[in-house]
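Take a walk through this structure, one part at a time. Keep the sequence beside the 3D view as you read.

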Amino acid sequence: MRKSAHVFTRGFTLVELLVVIAIIAILAAVVVLIINPLELTRRGRDAARLTDLANLQNAINVAVQESTESAQEILCKGVGTATCAAKSNVGTRKADGTGWVKVDLSTQKAVSVPTLPIDPSNGVPYHYVYCADTTGGGAKWEIFATLESEQQKKRMGEDGGNDTARYEIGSDLSLDLTVSGCAY
């Protein structure tokens with residue numbers, strides 16, 4: 001009979017495994033620090049905010065231009081006062097003027113807004129606020145939001161509005177939010 005030759009395979013030692021695990025952990029930590037996934041998430045939410053606000057601005061501008069009603073009826077539909085305000089985190093998403101934006105966007109043919117957008121976080125302090133002031137026959141409105149990414153925060157002070165802590169869009173960015181009842 002022939003004796004079979006045993007082949008001995010050598011495995012990894014505990015020290016070798018620990019060294020490899022330590023190297024992988026260090027590389028993972030460096031990658032997380034470089035990529036910064038939290039900042040990327042914040043940037044994504046800010047991109048959604050900026051897109052939402054730009055789309056709403058276009059829709060409201062079209063509604064104002066196409067309407068033959070008074071500024072009060074356009075910008076504060078059904079409210080009955082010359083000023084109105086609403087927040088996205090407490091108002092409905094209906095685009096018929098009863099939602100948090102008091103402009104009837106549901107009847108627009110040039111712009112389609114089936115439901116009003118809400119802030120991706122939609123809590124405190126990240127939510128949208130609509131404010132309109134039609135006193136004296138004017139048609140002033142504004143929507144503002146707080147941006148959270150370090151990359152986009154500078155836009156809040158550079159948007160031309162009177163509030164450097166919020167990003168503002170609208171027909172009059174100097175709207176006095178305390179007089180108009182548009183508390184944030």
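The paragraphs below go from the sheet to the helix across it, then to the core, an aromatic pair and a loop.

This is a predicted model. Begin with the sheet. It is open and has 4 strands, in the order S1-S2-S3-S4. The pairing is antiparallel. Strand S1 covers 83–87 and strand S4 covers 167–170. Both stand at the edges, and each has a single partner strand, so one side of each is left without a neighbour in the sheet. From one strand to the next, the twist averages 15°.

Look next at S1 and its partner. Strand S2 spans residues 129–133, and 5 bridges join S1 to S2. These two strands run antiparallel. One bridge can be picked out by name: Ala 85 has Cys 131 in S2 as its bridge partner.

Now add a helix. Helix H2, residues 37–66, lies across S2, S3 and S4. Strand S3 takes up 140–145, and H2 runs at about 170° to S3.

Which elements supply the core? The largest nonpolar core has 30 residues. H2, H3, S1, S2, S3 and S4 each supply at least two of them. H2 gives the most, with 7 residues. The residues with the most contacts inside this core are Ile 60, Trp 100, Val 103, Leu 105, Tyr 130 and Ile 143. Take Ile 60 as an example. Leaving aside its neighbours within four places in sequence, Ile 60 is in contact with Leu 75, Val 101, Val 103, Leu 105, Tyr 130, Trp 141 and Ile 143.

Turn to the aromatic rings. A search of the whole structure finds 1 aromatic pair. Its members are Trp 100 and Tyr 128, and the pair is tilted. The centres are 5.7 Å apart, with 35° between the planes. Trp 100 and Tyr 128 each lie in the loop between S1 and S2, so the pair ties together parts that are 28 residues apart in sequence. Are these rings buried or exposed? Trp 100 is buried, because its relative accessible area is 0% and the limit for buried is under 20%. Tyr 128 is also buried, with a relative accessible area of 0%.

Finish at Ser 67. This residue lies in the loop between H2 and helix H3, which covers 71–75. With 25% relative accessibility, Ser 67 counts as partly exposed. A polar atom of the Ser 67 side chain lies 3.1 Å from the backbone nitrogen of Glu 69. Gln 108 is 41 residues from Ser 67 in sequence. In space, the two are 9.6 Å apart, C-alpha to C-alpha.

Key. Residues are numbered from 1 along each chain as its sequence is written. This is a predicted model: local features need pLDDT of at least 70, side-chain atom pairs count only at pLDDT 80 or more; totals for chains, interfaces and linings use all residues. Side-chain values use heavy atoms; hydrogens and water are left out. Two strands pair if DSSP finds at least two bridges between them. Axes are lines fitted to C-alpha atoms, for helices over the stretch in contact, and angles run from 0 to 180 degrees between N-to-C directions. Contact means heavy atoms within 4.5 Å. Buried means under 20% relative accessible area, exposed over 50%, partly exposed in between (1.4 Å probe, protein chains only). A polar contact is a pair of N or O atoms within 3.5 Å; within protein, one must be able to donate a hydrogen and the other to accept it, and residues adjacent in sequence count only if both atoms are side-chain atoms. Rings of Phe, Tyr and Trp (its six-membered ring) pair if their centres lie within 6.5 Å; planes under 30 degrees apart count as stacked, over 60 as edge-to-face and the rest as tilted. A nonpolar core is a set of buried Ala, Val, Leu, Ile, Met, Phe, Trp, Tyr and Cys residues joined through side-chain atoms within 4.5 Å.
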